[in-house]
Amino acid sequence: MSKMTPATLLLLSLSVHGISHAAQAAAAVTAEHNARQQPQSAKPKAHPETALDQHPDEHHDSHADKHADEHEHADSHMDEHEHHEDIEKIVVQATRSGRIADEQPIRVELINREEIEEKAAMRPGNISMLVAETGGVRVQTTSPALGSANIRLQGLYGRYTQLLADGLPLYGNQASSIGLLQIPPTDLKRVEIIKGSASSLYGGSAMGGVINLVSRTPGESLQGEVLLNATSRDGQDITTYLETPLTSSLQGSITAGAHHQASTDVDQDGWIDLPGYERYTARPRLYWQGDAGATLYTTVGVMSEKRQGGTLPGRSVSDGNPFSQTQDSERLDGGIVFSMPVFDNLTLNSRGSAMQQQHQHSFGLVQEKDQHASYLLESSIAGYSDKSDWVIGAAYQAEQFASETFAQFDYNYTVPGLFSQFDYAFNSLFSTSLSARLEEHSEFGSQFSPRVSLLYRPGDLTIRASYGKGYFAPTPFVEEIDAAGLSRLDTINNLKAETAQTASLDITYAHENIESSITLFAANIDDAIGLESYASANDGVLNGVRLVNNSAGSKIRGSELLLRYYWQDIKLTASYLYLDATELEADTLQQRKIALTPEHSAGFVAMWEQHGRFRAGFEAYYTGVQRLNDNPFTDSSTPYWHLGLMGEITVGQFSWFVNLENLLDVKQTDQHPMILPSRAASGQWTTDIWSRNDGFIVNAGVRVKFNG
C-alpha cells in the first residue's frame, strides 16, 4: 500500500470527522457566514490587482467595481435582498486575483457596510463585536485586567491571525491583542476574512488566516457622519468620518474618534471588570487616480490610549497588597500603495508600510517600557488573459521589539521573500488558484508556504476546496505573556517555528431568497508554542514560566453550518459551529481539549430593516462547554446564552439607536470568583475569561449623516 501524503491524510481526516458531526447537527442552527457566493456570468475583464497591490477596488475597470461604488454612495431605497446581491459583485481585495467575490477559488467571507453600521451602533469604539458574530470566528479575551482580546479563526490561536488595513499591516505583523480594541469601525466599507493558512499570500503572520479591513472610498461630493454614543456603564464614544474631492483626480477622507470608559467593578469584588480607558484616534487618507490608469493611496494613523485595570483603590488581592495593572499606548503608522499599468495587460504594483508603537506597562510594582516596530516593502507585476490571472513579486518585512526593562527578550526579525499566484479558469464551471511564497527568516531560516484552492460551480451550487501550509515565527507574546508581562518569563532558548497544514471543503447553495452552506475544515499544528511552569527555587513553589514547543502537535477538526432566509424586509440567519480541538498534555501524554475552545456554539439573528427608515434586530448566541486551564475553581465552564436587542430609527439625517446587550445578565463571577487564591506562575492574579464579565449593559446614541 502506498504511503499517503500529509495533505491526503488531512483532507481524509477532515471529511470523515466533519461529515459525522455535520449529520448530527443538521437539525441545529447553522454557521453564519457574511459572504455568500452566487453564480454569476463570465468574469469581467479586470487587472489582477487587489488591496495588496492597489488600494481601492473601485479603481478596477470592471462593471462589478463600478456597480459596487455607485451603490455605496447612492441614497436609493432597495430591499435587503437586492442590496445583498449588489455587494457580492465587488472585487475582493484580500486575494491577489482580479475576480469578483463569487468567482474566487479562495473562499473569502464578507461583512458588508450594512452590517458594519449595525455593529457600530452596538459598539462604536472598536471592531470586536463586528468580527465576533461571524461564523467560525471567536474573539477571545486574553487579559481580564485590561480587557484585551484577539481573534481566533476556526479554533486556531489568535496570534496566527493577520490583521490588515487596506491590505497593509498597519497594526504590526503580529498585532498585539490590545490592538483589536483600538480600531473604530466608522470608516470601514467592508471586512474580508480568509480562514485557513494564508502564509502564501501574506507570510508567516497569517498562518491561521487574514482579516482585511477595507476603508470607505470617497465619492464625488462632500459627505460624512458623526456618531455619538453613551452606555449604562459610564462609557462614551464620539467618532467622525469626512470624505471630499480635493481636485478632479484627488480625493481625501479622515476619521477620528474619542472614547472613554470608567473603571467599573460590576460584581463588587474589588477587581475592575470593565477596564477604564481614554483613547484618541485619527486617520487621514488620500486617493489619487491618473489619466493613464495609475493610482496612489496613502494613509497615516495616530492613536493614544491610557488603560487602567486591576484592583480598585483601597482594595487588595490575597497577599494583602493592591495590584494595579495599566498600559499606556502610543502608535504611529503610515502606508502607501501605488499601481501603474504597463503595456496592455500588465500592471506594476508597489506598496509599503511602517508602524511604531510604544507601551508603558505596570503589573503591580513592576514597570515595563517597550517599543514595537514593523516595516513592509513589496513590489510585484501582475497580468491577465481571458482565462488566467497571475502575480509575481518580492517583499521585505521586518519586525522589531525592544524592551527598556527586559532587554533579554529583544528581537529583530528580517524576512525577505518571493511570492507568486496563478489563477486559471478551465471553463465556466471550474477554476483554480495556486499560490506560493518562499521566505528567508533571519531567525528561523527558509520557509516555503504553498496553497491550492479549487472552485466548482454547477448551477446554484458552489463547491470550494482548499489546502495550504504556513508557519509562524514565535515571539515572547503568547496570550498569557500579553496578559501578565515579561517579569516571570525565563530566557528563551532553541524555539522552533510553529507550522500548520490547513484544509477546508465548502459547499454553498443559493437560490432566490435562500442561502445555505456547510464547511468542513481541519488543521494540524506542529511545534505549537505553550507555557511551562517551573520553580526557580528548591521550595517547589511555581513562580516562573518558560516557552516550549509542543512537539506532539495539535489537531483541529470541525464543521460550520449556515441557513439564511430573506423574506421582504426581514433577514433570518441561523448558524452552528462544531469544533474538536485537541492537544497532547505534557504531563500525562494524553490527548485533551484545547482550553477556551467550545465544542459547540450556535447563533440566531433576526433583522427587520427598511433602508433609510428603521432597523430592528434580535440575536441569540450559544456557547457550549469549554475546558479551562489552571482554574482552581472548576475544570470546565458552563454553557451560556448571550441575548441582545437593538433598534434604530432614521429621520432625515439623524439615526437614533438603542442597543441592549446581555439580556440574561450573564457574568462569569456568578459561577466562580475571578481573583485567584494565589498568584499564578505566569504572574496573573485572575482566572481566564471564558464567559462575559460586564453583565447587562445598554448603549444608545445618534448617528448624523450629512452631504455637502
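1. A pocket, as the word is used here, is an open set of grid points with protein on both sides within 12 Å along at least five of seven lines, and its lining residues have an atom within 4 Å of a point. With that in hand, here are some notes on this predicted model.

2. The largest pocket is a good place to start: its volume is about 1,500 Å³. Its lining counts 48 residues, and Glu480, Leu531, Arg592, Asn629 and Asp630 are the ones nearest its centre. Sorted by class, the lining holds 21 nonpolar, 15 polar and 12 charged residues.

3. Which elements each supply at least two residues of that lining? They are β2 (137–141), α7 (479–484), β22 (528–534), β23 (544–550) and β25 (570–584). Strand β22 provides the largest share, with 6 residues.

4. You may also like to look at alanine 681, which sits in the loop between β30 (654–661) and β31 (697–707). Its relative accessible area is 10%, so alanine 681 is buried, given that the cut-off for buried is under 20%. From alanine 681 to aspartate 630 there are 51 residues in sequence, while their C-alpha atoms are 9.9 Å apart in space.

5. On to charges: the whole structure contains 38 salt bridges. One of them joins the side chains of arginine 703 and glutamate 648, at 2.8 Å from N to O. This pair ties together distant parts of the chain, with arginine 703 in strand β31 and glutamate 648 in strand β29 (residues 640–651), 55 residues apart. Arginine 703 counts as buried because its relative accessibility is 1%, and glutamate 648 counts as buried at 4%.

6. Glutamate 117 and arginine 113 form another salt bridge, at 3.6 Å from N to O. Why are they about one helical turn apart? Because they are 4 residues apart in helix α4 (residues 113–122). Both of these residues are buried. A salt bridge network links Arg113, Glu114, Glu117, Arg216, Glu225, Glu609, Arg615, Glu648, Arg703 and Lys705.

7. Glutamate 439 and arginine 437 also meet through their side chains in a salt bridge, at 2.7 Å from N to O. Both partners are buried.

8. Finally, the surface: a nonpolar patch there has about 800 Å² of accessible area together, and its members include Ile514, Leu563, Tyr565, Trp567 and Phe696. Strand β24 (residues 554–567) gives the most to this patch, with 3 residues. Tyrosine 565 lies in β24, and it is partly exposed, with a relative accessible area of 32%.

Note on methods
Residues are numbered from 1 along each chain as its sequence is written. This is a predicted model: local features need pLDDT of at least 70, side-chain atom pairs count only at pLDDT 80 or more; totals for chains, interfaces and linings use all residues. Side-chain values use heavy atoms; hydrogens and water are left out. Patches are made of residues with over 30% relative accessible area and no salt bridge: like charges are joined within 9 Å, nonpolar side chains (Val, Leu, Ile, Met, Phe, Trp, Tyr) within 5 Å. Accessible areas come from the Shrake-Rupley method with a 1.4 Å probe; for residues, only the protein chains shown count as cover. A salt bridge is a side-chain nitrogen of Lys or Arg within 4 Å of a carboxyl oxygen of Asp or Glu. Buried means under 20% relative accessible area, exposed over 50%, partly exposed in between (1.4 Å probe, protein chains only). On a 1 Å grid over the protein atoms alone, a cavity is a set of points where a 1.4 Å probe fits but cannot get out, and a pocket is an open set with protein on both sides within 12 Å along at least five of seven lines; lining residues have an atom within 4 Å of a point. Grid points are joined across faces, edges and corners, and a volume is the space filled by probe spheres set on the points. Ala, Val, Leu, Ile, Met, Phe, Trp, Tyr, Cys and Pro count as nonpolar, Asp, Glu, Lys and Arg as charged, and the others, Gly among them, as polar.
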